[in-house]
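Trainee: I have a new protein in front of me and would like to learn how to read it. Could you take me through it one question at a time?

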Amino acid sequence: MPRAVYGARGGVLSPSIPHAPEPEPGYVPPLPPDVPGAAGDEWRVAVGGFPAKRSTDGPLGAVILWGATVRPVIRDRRSGGNSVEVTAPANEQTMRILGLPYTGEVYRGVQLYTPKNAASWELFVGSSLDGLTRWRFVVRDRIEVSNGQVHIRGVGFVGGLTADRVIGAPERLNLLIKDLPGVENDPSTGWVAHGSGTATGVVSGGPSSDAVRWVTGKPDRFHYIEKSVPWTAGANPWGSQQVAGQALVKLPSGGLDIDNYGLVTVAVFHADGTQFWPTKNGAGPDMQAGIVTSDMVRGSWITDPVTGFGYLPPPPMDVTIRLRLHPVDESAKVYYDAREIIRRENTSTVHPVDITRHTAQLFKHAQMGRDKKFHGGSAWRIAVEVGEPVGTEEVGTWWHEDGQQMDDALEAIGGRGVDIWDLPGPGRVVKASKRRGSKREDLIVHDWDVCGEPSWAVDIGALRTAIRASSSVSSVWGGSDEGAINRSAAGGQVIDAVISSPAGMTPKQLRAWARERLATLSVVPLTCTLPLRWQVGARLSVGDSVRVAISSNAAAQKDWMRVTEWSPQFDRRFVQVTFGTDPDDGST
């Protein structure tokens, strides 16, 4: 007899899933349609170079790894990531394919190899029945050698390679640097003194370089040293954007009354020589200047850079940006190091597009962005296929100074009804489409469908009902703080969280962003991984919403849940399925 199962929440009985009697002995559920090559496959594994093939990889771009065994491939939804573990005998034949030889190192007639070059491997996993590649994985995990076997873990593109990517370049773009990354172009030249009596020179011993600029002269807006850089931009549908100039500063040690004196300013000129910024053409104070404040130390280097701001005209533009460093006394020197002109960098779709296409923009940046190319080409050589649109069109913009992980950006897109996954097949292709799967009214997962005792987890510790969002105030571009609260969750309790948002958001933008995040955080995460008998598990697909009615003694889980992982165990004829919270149909 089946155990009675009741669903309750907050002391009120919730609607139960219609009861289905336990099958009689001998009952055979409907069989799923046959998938050619799916059941009973013998795995075939080949190894190739990543992202470019190796000279030893042969015409097909890979070499077969004979004797390899494969732990089941996991197909995961959104940015959880595909993964695989390949095991092969650590013999000379295998290690010749996998490793680098130790020159002259031979032990008992066997050449010795090391797998230190694993970050440049790609695993091609398929079936020996047809010789076709079904999945491709890149080695980004630990490699173990034990008991004469080498164990290699590979990850897919989404949730694997993307976990290694940060939006933006490792180094901030300094427009004063033109040729050599990280080295200012001839720092001892190129600075022009303006104003009668303004003097400058170069000394060593700065906190950032050995090309420290000192300046003396009359302390006003007409006396300064200046360096210019050209900047052009094509037509784009955005308005005027900020540009910043900054430097590390060492003020004179004497008892000079220099509070509020200007240090760092920015000027912007059109190609015809007319001044765009400051708007008063030098006839009034620059309210965006970096100035001396009373809390700045004297006689030693100030820890934080002094920053002045300017504005660029709306594109298209052809301008010159000028960084100006000002004196504070006619004889006492002020020193400037780490001089920079900074423009806000972003990755953007520019025009409103369906949010499924935001994925393509992120992958384009991850492969072709500044400092992300591989030998002049795409870093990964991964194509993105865009499927069914969600129907929500907006401009996608990711500011580089936020340092956002690509996985986080993809997860945010996935949380809005977009599935992002690696396409099976021989190519490197990622697909983004409206949520896969369907609402499975024809199927209920019962206790007797589970091979073993069912188990699940409710992560109460992840529940948050109030958040304070902070838009990074440490950013050059400023920030703000806003909050949001959900009084209907957790019985009205306030469970706080403090989270960081993209830098430079306005209060209105930050409030909307905070509410969107809270809507996710105030849902109790619930997960269960169940080994389902083949006849049931093989009918499911990643993205399906299905009713789950399982129990363990007097504890029960009865709700709509969403399939997040699907892993067939062909040799043992069951399917390992992971279910997660269904925010659309579940009683969250």
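Trainee: Let's start small. In which helix is M95 found?

Mentor: Before we look, keep in mind that this is a predicted model, in which local features need pLDDT of at least 70, side-chain atom pairs count only at pLDDT 80 or more, and totals for chains, interfaces and linings use all residues. Residues are numbered from 1 along each chain as its sequence is written, and side-chain values use heavy atoms, with hydrogens and water left out. Helices (H or I, at least four residues) and strands (E, at least two) are DSSP runs, numbered from the N terminus. M95 falls in the run of residues 92-98, which is helix α1.

Trainee: Is M95 buried or exposed?

Mentor: We judge this by relative accessible area, found with a 1.4 Å probe on protein chains only: buried is under 20%, exposed is over 50%, and partly exposed is in between. The relative accessibility of M95 is 9%, so M95 counts as buried.

Trainee: Which residues does M95 touch, leaving out those up to four places away in sequence?

Mentor: Touching here is contact, meaning heavy atoms within 4.5 Å. With residues up to four places away in sequence set aside, the partners of M95 are A90, Y113 and P115.

Trainee: How far apart in space are M95 and T114, C-alpha to C-alpha?

Mentor: Look at the sequence first: M95 and T114 are 19 residues apart there. In space, the C-alpha to C-alpha distance between M95 and T114 is 7.7 Å.

Trainee: Now helix α3. Which of its residues are buried?

Mentor: Helix α3 spans residues 406-414, so that is the stretch to check. Its buried residues are M406, D407, A409, L410, I413 and G414.

Trainee: Why do we say that they are on the same side of α3?

Mentor: An α-helix has 3.6 residues a turn, so residues three or four places apart point the same way. To check this we use an arc, that of the directions from the helix axis to the C-beta atoms. The buried residues are on the same side of α3 because they cover an arc of only 160 degrees.

Trainee: What do the buried residues of α3 pack against?

Mentor: Picture that buried side and ask which elements meet it. One helix and two strands do: the buried residues of α3 pack against α2 (356-368), β28 (397-399) and β29 (418-422).

Trainee: Let's try a strand. Is E226 buried or exposed?

Mentor: E226 is found in strand β16, residues 224-233. Its neighbours, not counting residues up to four places away in sequence, include W191, H194 and R324. With a relative accessible area of 6%, E226 is buried.

Trainee: What separation do the C-alpha atoms of D559 and D582 have?

Mentor: D559 lies in strand β38 (residues 555-569), and its 15% relative accessibility makes it buried. D582 is 23 residues from D559 along the chain. The separation of their C-alpha atoms is 8.7 Å.

Trainee: I've heard about unusual backbone angles. What is the peptide bond from F50 to P51, cis or trans?

Mentor: Most residues other than glycine have a negative phi, and most peptide bonds are trans. P51 is in the loop between β3 (43-49) and β4 (63-64). With omega near 0 degrees, the bond from F50 to P51 is cis.

Trainee: And what is omega for the bond that joins P315 and P316?

Mentor: P316 has its place in the loop between β21 (306-311) and β22 (317-325). The bond joining P315 and P316 is cis, with omega about 5 degrees.

Trainee: What is the phi of N260 near?

Mentor: N260 sits in the loop between β17 (242-250) and β18 (262-270), and at 59% relative accessibility it counts as exposed. Its phi is positive although the residue is not glycine, with a value near 75 degrees.

Trainee: What about A338: what is its phi?

Mentor: A338 is placed in strand β23, residues 334-343. Its relative accessible area is 24%, so A338 is partly exposed. A338 is not a glycine, yet it has a positive phi of about 50 degrees.

Trainee: Let's zoom out. How many helices and strands does the protein have?

Mentor: The protein has 588 residues, of which 44% count as buried. Among contacts with a separation of 6 or more, 71% come from residues 24 or more positions apart. The count you asked for is 5 helices and 39 strands.
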